[in-house]
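Student: I should like to work through this structure step by step. May we begin with the terms that the discussion will need?

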Amino acid sequence: MTTTAPPPTPTTPPPANAPTVTRPGDRIFAGLSRGSGIVLLVVMAAIAVFLTVRAVNAISKDHGNFLTTFEWNASANPPVFGVAVLAYGTVVSSVIAMAIAVPIAVGIALFVTHYAPRRLGGPIAYVIDLLAAVPSIIYGLWGALFLVPHLLGLNLWLNEYFGWTVIFEKENPDSAARSLFTVGILLAIMILPIITNVSREVIRQVPKMHEEAAIALGATRWEVIRLSVLPFARSGIISASMLGLGRALGETMAVATVLSASPVLSAHILDPVGGTFSQNIVAKFGEANEFGRDALIASGLVLFVITLLVNGAARIIIQRRKEYSGANA
């Protein structure tokens, strides 16, 4: 005689509004996390309000177009100032820095994690970490005393062979290499450790079974990186790049030490003209009166908005690539 076991009793899920039992530590941690987020939003709002109030006071008395005027003379009577040259110089120098730093940083991260032996990869990673700890003023002094004199030959070479592109045309070949191009190279060196370190840690989080599956299918090492590693780490690399871009946009002392600022907007990135927001603020703040400081704060508001737009664009790109995130691996 055979007996059959009774069918299992189906379990009903708890209602959606049922209270969840949490430990006191969980509630404390959740409260601290929520409070930290609120404090951050309050601080951001306070910064935005402060910048906006002071900027409106200056812009309302500006006798030039704040967005298109090249001149910066907030101490004149009447005051005339604008951010056209500053916005152009900030964007151009940051683009140059990103174009140089991002490919090199990703290449170093891939070399350390997938190509270099441990005895070589460890020291390289350690040196990159040390570069991130160097103060900005040290980079600025090195750039002014070493980088500027040694880049003159490169400037002349670019002018001779690529001057037809207008971008690399140098109107005065004898002028020093205190230009947006030099600033871009210096910023690339400064943001390289940040992008490299974050990209390296993201690449290390790639599941090994993804790589092993690609190897089992006969993929070469480069195909493993291209098909398994880079798609998974793309969002993290973009985040690392935006972190580096944030430093490049707001870098002050190094840029002020290297760049020969002038109120001239030129497409020739090798000429010693132009300026950036941060460089203009540090150069003019000491001699500015109350109204002049408000004008500088107005330029800081524009930099603040540019940074927010860049970070917002990065978040949009990352959300579109969320299928490659580690949570979905």
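Tutor: Contact, or touching, means that heavy atoms lie within 4.5 Å. Please also keep in mind that this is a predicted model.

Student: Which residues does N197 touch, not counting residues up to four places away in sequence?

Tutor: The place of N197 is in helix α6. With neighbours up to four places away in sequence set aside, the residues that N197 touches are I128, D129 and A132.

Student: Is N197 buried or exposed?

Tutor: A residue counts as buried when its relative accessible area is under 20%. The relative accessibility of N197 is 16%, and therefore N197 is buried.

Student: Which residues of the largest nonpolar core touch the most other members?

Tutor: The largest nonpolar core holds 71 residues. Elements that give two or more residues to this core include α1 (24–59), α2 (84–115), α6 (180–204) and α11 (290–320). The members that touch the most others are W72, F81, L186, L187, I191, I195 and F277.

Student: With which residues is I191 in contact, leaving aside its neighbours within four places in sequence?

Tutor: I191 is one of the core residues that touch the most other members. Leaving aside the neighbours within four places in sequence, the contacts of I191 are A97, M98, A101, G244, R247 and A248.

Student: How far apart are the end C-alpha atoms of α2, and what span should its residues give?

Tutor: Helix α2 has 32 residues, and the expected span is 1.5 Å times one less than that number. The expected value is therefore 46 Å, and it agrees with the separation of the end C-alpha atoms, which is 45 Å.

Student: Where in α2 does a kink lie?

Tutor: The kink in α2 is of about 25°. Its position is shortly before the proline P103, at A101.

Student: Is A99 buried or exposed?

Tutor: The place of A99 is in helix α2. The cut-off for an exposed residue is over 50% relative accessible area. A99 has a relative accessibility of 54%, so A99 counts as exposed.

Student: What separates the C-alpha atoms of A99 and I306 in space?

Tutor: Along the chain, A99 and I306 are 207 residues apart. In space, their C-alpha atoms are separated by 18 Å.

Student: Which element gives the most to the lining of the largest pocket?

Tutor: The largest pocket has a volume of about 180 Å³. Among its 18 lining residues, the closest to the centre are W72, S262, P263, N280 and K284. At least two lining residues come from each of α2 and α10 (277–284). The element that gives the most, with four residues, is α10.

Student: What is the volume of the largest cavity?

Tutor: The count of cavities of 30 Å³ or more comes to one. The lining of the largest cavity includes Y88, L180, L265 and H268. The volume of this largest cavity is about 50 Å³.

Student: Which residues does L265 touch, not counting residues up to four places away in sequence?

Tutor: L265 is found in the loop between α9 and α10. Its C-alpha atom is 10 Å from that of T69, although the two residues are 196 residues apart along the chain. Not counting residues up to four places away in sequence, L265 touches F70, A84, V85 and Y88.

Student: Why is L265 described as partly exposed?

Tutor: The partly exposed class lies between the buried limit of 20% and the exposed limit of 50%. L265 falls in this class because its relative accessible area is 35%.

Student: In which loop is V166 found, and what is its phi?

Tutor: V166 is found in the loop between α5 (152–162) and α6. V166 is a residue other than glycine, yet its phi is positive, near 70°.

Student: What is the relative accessible area of S228, and is S228 buried or exposed?

Tutor: The place of S228 is in helix α8. Residues that S228 touches, beyond four places away in sequence, include V206, H210 and E223. The relative accessible area of S228 is 11%, so S228 is buried.

Student: How far apart in space are S36 and L152, C-alpha to C-alpha?

Tutor: S36 is found in helix α1. In sequence, S36 and L152 are 116 residues apart. In space, C-alpha to C-alpha, their separation is 49 Å.

How values were computed: Residues are numbered from 1 along each chain as its sequence is written. This is a predicted model: local features need pLDDT of at least 70, side-chain atom pairs count only at pLDDT 80 or more; totals for chains, interfaces and linings use all residues. Side-chain values use heavy atoms; hydrogens and water are left out. A nonpolar core is a set of buried Ala, Val, Leu, Ile, Met, Phe, Trp, Tyr and Cys residues joined through side-chain atoms within 4.5 Å. Buried means under 20% relative accessible area, exposed over 50%, partly exposed in between (1.4 Å probe, protein chains only). The bend at a residue is the angle between axes fitted to the seven residues ending there and the seven starting there. On a 1 Å grid over the protein atoms alone, a cavity is a set of points where a 1.4 Å probe fits but cannot get out, and a pocket is an open set with protein on both sides within 12 Å along at least five of seven lines; lining residues have an atom within 4 Å of a point. Grid points are joined across faces, edges and corners, and a volume is the space filled by probe spheres set on the points.
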